[in-house]
Amino acid sequence: MSKKRVNVLGSTGSVGDNTVSLLEFHSDKFEVGVLTAQSNVKKLVEQAIKLKAKHAVIGDESLYDELKSSLVGQDIEISAGRRALLDASSERADTTVCAISGFAGLEPVLKATERGGRIAIANKEPLVAAGSLVKSAAKKSGAVILPVDSEHNAVFQVLEQDNQSSIDFITLTASGGPFLKWSLEDIKQATPEQAVAHPNWAMGRKISVDSATLMNKGLEVIEAHVLFDLPDEKIKVVIHPQSTIHAFVSYSDGSVLSHLGAPDMRIPILHALSWPERLDTNAPKLDPTSLSQLDFEEVDLEKFPALGLARTALKEGVGKRIVLNAANEIAVSAFLNKQIGFMDIINVCSEQMEADVSAYAVETLDVIIALDNQTREKTKNYILEKHG
């Protein structure tokens, strides 16, 4: 049986690194076409050699010579720059894992989707900002979109396609992050180091902060709306500190189906890589005897207003979703650089959400990118004006 070819866009980040470990673990079943990174040459080189990749791409053109010299003697094509990244995203693959963080992953996701095959999307921002474009591209090419976010992958696994009209609602679980038991006053004083110290998941710094504010869960509500064609009122969120149950799907007959698994990203990644089959994992497996306590509680919207802000963006249309996503990326970066406080992240996003975007017909990639760029610039200027 021939090996399936996998391309990994963003292979040196948290999701990409986990994907690489799975591809190495199942080297008899997968071959690797493209690996890409923005600037981490050392890790990209290690991965490319280990997996015998066909092509390694570094997004930062200034690092081309370092990549080239590090891969001398290896039968690996190398290239650099944004254009090279987009071209590589279109290269042949059975499955493309899209793990480039943030809005920067949108164009590569679109290029891969336009080519076709299985598109395993780990970064939610392209679906938040341009879900209709991605789904339209998939419809034209016949691509299958496979969610890698643990919650959406869970819904995907237990949602009965033939009974979608019988869904009462779905419930995405949230750990509550590091500040679940903190008072609002203490949360206001939180440092970047405290915000990235997630109790359950090992993730990148940006998504860890998003988890701490619950903006990550808010963006996941929008992502679920795009992926599963569900209105806002049919997408619920509940705090579940153990991160063992990742989602529930509640049906009209009273049945509730849930997905359980250890809080390890290799589990949903492997599901997407092997779908519709299942393969052995190198991740921890859940022991039912460890389930002596499963806690659930409502989200405290006073402490975590980001969830409400995201629901507002969902109701007000694609333009506001683009604004929220762009403002959040800039605000989180400012927080990590200690320019603003933790709760200022949401204040900044809320302020930018007041913008009138009615003049933007957000139906093309150029318009989406223009609105994103404009919002980023306005957000940077706002932070500079208000916080120096």
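Which residues form one aromatic cluster? In this predicted model, the cluster consists of Phe 179, Trp 182, Phe 335 and Phe 342. The points below take up the aromatic residues, the cysteines and the parallel strands in turn.

1. Aromatic cluster. Within the group formed by Phe 179, Trp 182, Phe 335 and Phe 342, the geometry of one pair can be stated in detail. The ring centres of Phe 179 and Trp 182 lie 4.5 Å apart with 50° between the planes, so this pair is classed as tilted. The two partners differ in their surroundings: Phe 179 is buried, at 0% relative accessibility, whereas Trp 182 is partly exposed, with a relative accessible area of 26%.

2. Aromatic pair between distant parts of the sequence. The structure has 5 aromatic pairs. One of them joins Phe 156 to Trp 275 in an edge-to-face arrangement, with 6.1 Å from centre to centre and an angle of 65° between the planes. Phe 156 belongs to helix H7 (residues 150–158), while Trp 275 sits in the loop between helix H12 (266–274) and helix H13 (306–316); the pair therefore ties together parts that are 119 residues apart in sequence. Trp 275 is partly exposed, its relative accessible area being 25%.

3. Charge over a ring. A further aromatic residue, Phe 169, has a charged partner: the charged end of Lys 236 sits over the ring of Phe 169, at 4.9 Å from the ring centre.

4. Cysteines. The number of disulfides in the model is 0, where a pair of cysteine sulfur atoms within 2.5 Å would count as one. Two cysteines may be noted for their burial. Cys 98 has a relative accessible area of 2% and is buried; Cys 349 is buried as well, at 0% relative accessibility.

5. Strand E6 and its neighbours. Strand E6 (residues 118–121) pairs with strand E5 (residues 95–98) in the parallel sense, over 4 bridges. Thr 95 has Arg 118 of E6 as its bridge partner. E6 also pairs in the parallel sense with strand E7 (residues 144–147), again over 4 bridges, and here Ala 120 has Leu 146 of E7 as its bridge partner. On one side of E6 the residues are Arg 118 and Ala 120, on the other Ile 119 and Ile 121, and all are buried.

6. Crossovers. How are the β-α-β unit of E5, helix H5 (residues 106–115) and E6, and the crossover that follows from E6, handed, right or left? The unit made by E5, H5 and E6 is right-handed. From E6 the chain passes through helix H6 (residues 125–141) to E7, and that β-α-β crossover is right-handed.

7. Thr 113 in helix H5. Thr 113 is located in helix H5 and is buried, with 0% relative accessibility. Setting aside neighbours within four places in sequence, Thr 113 is in contact with Ile 119, Val 134, Ala 137, Ala 138, Ser 141 and Ala 143. Ile 119, one of these contacts, is a buried residue of E6.

8. Ala 80 in strand E4. Ala 80 is part of strand E4 (residues 77–80). Apart from neighbours within four places in sequence, the residues in contact with Ala 80 are Ile 58, Asp 60, Glu 61 and Tyr 64. The C-alpha atoms of Ala 80 and Ser 62 are 8.2 Å apart, the two residues being 18 residues apart along the chain.

Note on methods
Residues numbered from 1 in each chain as written. Predicted model: local features only at pLDDT ≥ 70, side-chain atom pairs only at ≥ 80, totals over all residues. Heavy atoms only, no water. Phe/Tyr/Trp six-rings, centres within 6.5 Å; stacked < 30°, edge-to-face > 60°. Helix = DSSP H or I, 4+ residues; strand = E, 2+ residues; numbered from the N terminus. Buried < 20%, exposed > 50% of the residue type's maximum accessible area, 1.4 Å probe, protein only. Lys NZ or Arg CZ within 6 Å of the ring centre and 35° of its normal. Contact = heavy atoms within 4.5 Å. Pairing = 2+ DSSP bridges. Right-handed = clockwise from strand over helix to strand, strands pointing away.
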